[in-house]
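The following exercises concern the reading of a protein model. Each task is followed by a solution in steps.

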Amino acid sequence: MKTKLLVLFAWCLVAMTQAQVEKIEPPFWWSGMYNKELQLMCYGKDISRYDIKIEGITIDEVKKTENPNYVFITVNTKEVNPGSISIDFTENGNVVFSQPYEFKKRKENSSQRKGFDSSDVMYLIMPDRFANGDPNNDSHPDVVEKADRSNPAGRHGGDIQGIIDHLDYLKTLGATALWSTPLLEDNEPVYSYHTYAQSDLYKIDPRYGTNEDYKRLASEMHALDMKLIMDYVTNHWGSKHWMIKDLPTQDWIHQWPEGFKRSNYRMTTQFDANASSIDRRGCMDGWFDTTMPDMNQSNPLLLKYITQNAIWWIEYADLDGFRVDTYSYNDKKGIAKWTKAIMDEYPKFNIVGEVWMHDQAQMAYWQKDSKIGAIDTFNSHLPSVMDFTLHDALTVIFNEDKGTWDKGMIKAYDNFTNDFLYPDINNLLLFAGNHDTNRINEIYQGDINKYKMTMTLVLTTRGIPQMYYGDEIGMLGSRDKNGDGDIRRDFPGGWKGDTQNAFLATDKEKGRTNDQEAFHSFTKKVLNWRKKANVIHTGKLLHYIPFDNVYVYFRYNKEKSVMIIINNNSNDQKLEVARFKEGLKDFKMGTDIITDANIDLTETITIQGKTPLILELK
């Protein structure tokens with residue numbers, strides 16, 4: 001009896017000790033990865049007291065920090081096959097407890113996945129405001145903030161299932177890629193719907209669904225020949241992240257003697273040769289907000305953690321791209337290493353960085369192989385940046401009816417004259433608006449003609465077009481007047497019981513209004529035409545100085561040419577075609593892709609005021 005009790009006591013001790021591994025991240029990995037070095041973060045009460053042994057795998061390093069609750073194990077996975085291994089935690093040469101760890105079989109040709117490119121049109125949604133496919137997860141016991149659709153700054157209940165339910169809508173519209181603002185857990189007590197203050201980097205927020213739901217979203221999209229882009233946040237985490245509550249190292253985040261210090265937001269200090277050190281640090285190391293601790297990408301353990309996390313999501317969910325939030329606020333050497341590691345693993349992948357600046361040279365600095373970056377020997381390895389200077393122009397030019405030296409369409413023309421600064425002009429992300437800007441239809445007061453001119457430019461010039469959900473039905477919203485919630489309104493019809501459903505055509509019950517249909521039909525026509533217009537994807541751009549507020553440009557290659565005319569003048573304009581001989585070559589006719597009408601191009605072209613024209617040349 002005594003022997004049995006001793007055995008039972010010993011078994012209980014082992015079982016209690018095993019609970020010390022509360023988390024291991026990444027939670028699993030894959031064999032056959034390009035980078036053979038894998039860092040395993042093990043977390044548990046006083047876990048660093050143990051030595052580590054793994055049978056059949058080489059341990060390159062065991063790193064213990066000032067926090068005894070962490071141990072970082074770096075292993076070499078070169079010879080690892082799919083299956084499970086055992087991580088033994090030992091004391092005085094004896095195994096105290098073991099932790100199983102799985103290596104999965106990698107998807108065939110995973111490393112060669114093709115990311116988004118200029119053949120795509122990216123549709124941006126805020127999932128909480130798009131569609132509620134599962135009302136049962138609107139609130140969840142594991143997270144604090146509960147659903148309150150009456151609160152513009154609260155959670156409204158949109159989720160992954162709501163996206164899946166409306167993929168056919170996006171497909172029919174002509175979108176080929178989906179960028180969703182972050183879906184990972186955000187456990188802030190208020191304002192958590194935007195999900196940029198993440199509390200667990202390996203877990204989909206339960207109010208959106210599960211990890212499996214996210215994986216299913218990618219699978220459903222791929223079945224429709226569409227791509228899924230994850231919004232990844234490297235610069236900051238949320239204040240409620242479990243690791244922020246128990247830091248692995250004091251320099252895991254940027255800390256200041258005075259406590260909280262907000263970023264000065266002056267990204268120019270990252271490359272300004274004249275910048276003071278305190279100002280440079282104030283941008284990189286300052287916090288974005290009180291709820292968003294600033295991460296220290298110069299800490300090698302942290303950098304490896306977020307690099308592996310990003311790769312884990314690509315491999316696990318089968319992703320097609322990243323949009324990286326606040327890219328230029330990171331430690332620039334650290335974020336360049338992060339980016340290169342991902343692109344080394346997936347050479348055909350694509351990553352677009354948010355570089356919210358208002359000068360082409362400053363934005364071009366951040367694109368891969370930039371000659372500007374090379375001045376101070378910097379290469380971000382970032383394939384794509386967002387064209388914020390074009391966005392700046394798009395928000396004003398169509399309210400400038402009379403073109404002058406510096407107003408009207410000349411602002412669009414001038415933007416493209418600086419294309420020589422970019423190493424890859426076709427890999428810029430173009431947009432009229434997003435989740436952080438006033439809605440384009442608010443700026444232009446619901447004027448459909450101004451919307452048509454705006455989207456014609458976005459959809460037919462060089463680069464990768466991005467649309468913001470609801471713009472295609474004329475949705476309005478001003479953050480300047482009414483806060484962020486106003487530019488992030490619920491898509492009508494995304495919730496059961498909505499009085500109107502803009503996902504449905506006008507002839508359906510509760511379907512789009514006539515005004516909404518006018519926006520939608522134009523967008524649908526151009527997007528679906530663009531899908532097959534290779535000349536728009538990769539053709540060269542030839543443009544002409546705007547006269548009388550009329551901008552004319554061509555997209556052309558050896559096989560095809562398209563002529564685009566945007567008349568931003570309030571009056572009809574007659575154009576003498578002789579001026580455009582270089583672009584027209586021997587073409588005599590053009591087909592309007594909207595009306596299918598044939599237009600004679602031998603002498604003059606008359607175009608109505610405040611109107612765009614997209615002509616396939618014949």
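The exercises proceed from the whole chain to sheets and then to one side chain.

The model is predicted, so local features need pLDDT of at least 70 and side-chain atom pairs count only at pLDDT 80 or more, while totals for chains, interfaces and linings use all residues. Residues are numbered from 1 along each chain as its sequence is written, and side-chain values use heavy atoms, with hydrogens and water left out.

**Exercise 1.** Determine how the radius of gyration of the protein chain relates to that of a compact globule.

Step 1. The radius is taken over C-alpha atoms, and the globule rule is 2.2 Å times the number of residues to the power 0.38.
Step 2. For 618 residues the globule value is near 25 Å; the protein chain has 27 Å, which agrees.
Step 3. The C-alpha atoms fill a box of roughly 105 × 60 × 50 Å along the principal axes.
Step 4. Of the 618 residues, 59% count as buried, that is, under 20% relative accessible area with a 1.4 Å probe, protein chains only.

**Exercise 2.** Establish the strand order of the open four-stranded sheet and identify its edges.

Step 1. Helices (H or I, at least four residues) and strands (E, at least two) are DSSP runs numbered from the N terminus; two strands pair if DSSP finds at least two bridges between them.
Step 2. The order is 1-3-6-5, with antiparallel pairing.
Step 3. Strand 1 (23–25) and strand 5 (58–64) each have a single partner strand, so one side of each is left without a neighbour in the sheet.
Step 4. The twist averages 20° from one strand to the next.
Step 5. Seven bridges join strand 3 (residues 37–43) to strand 6 (residues 70–76), and cysteine 42 is opposite valine 71 of strand 6.

**Exercise 3.** Trace the bridge partners of aspartate 88.

Step 1. Strand 4 (residues 51–54) pairs with strand 7 (residues 83–91) in the antiparallel sense over four bridges; here lysine 53 stands opposite aspartate 88.
Step 2. Strand 7 is also joined to strand 8 (residues 94–104), antiparallel, by nine bridges, and serine 98 in strand 8 is the bridge partner of aspartate 88.
Step 3. Strands 7 and 8 form a hairpin with two residues between them, and asparagine 92 in the turn has a positive phi of about 55°.

**Exercise 4.** Which residues does aspartate 484 touch?

Step 1. Aspartate 484 lies in helix 15 (residues 484–487).
Step 2. With contact meaning heavy atoms within 4.5 Å, aspartate 484 touches Tyr191, Tyr193 and Arg479, not counting residues up to four places away in sequence.

Methods. Axes are lines fitted to C-alpha atoms, for helices over the stretch in contact, and angles run from 0 to 180 degrees between N-to-C directions. Buried means under 20% relative accessible area, exposed over 50%, partly exposed in between (1.4 Å probe, protein chains only).
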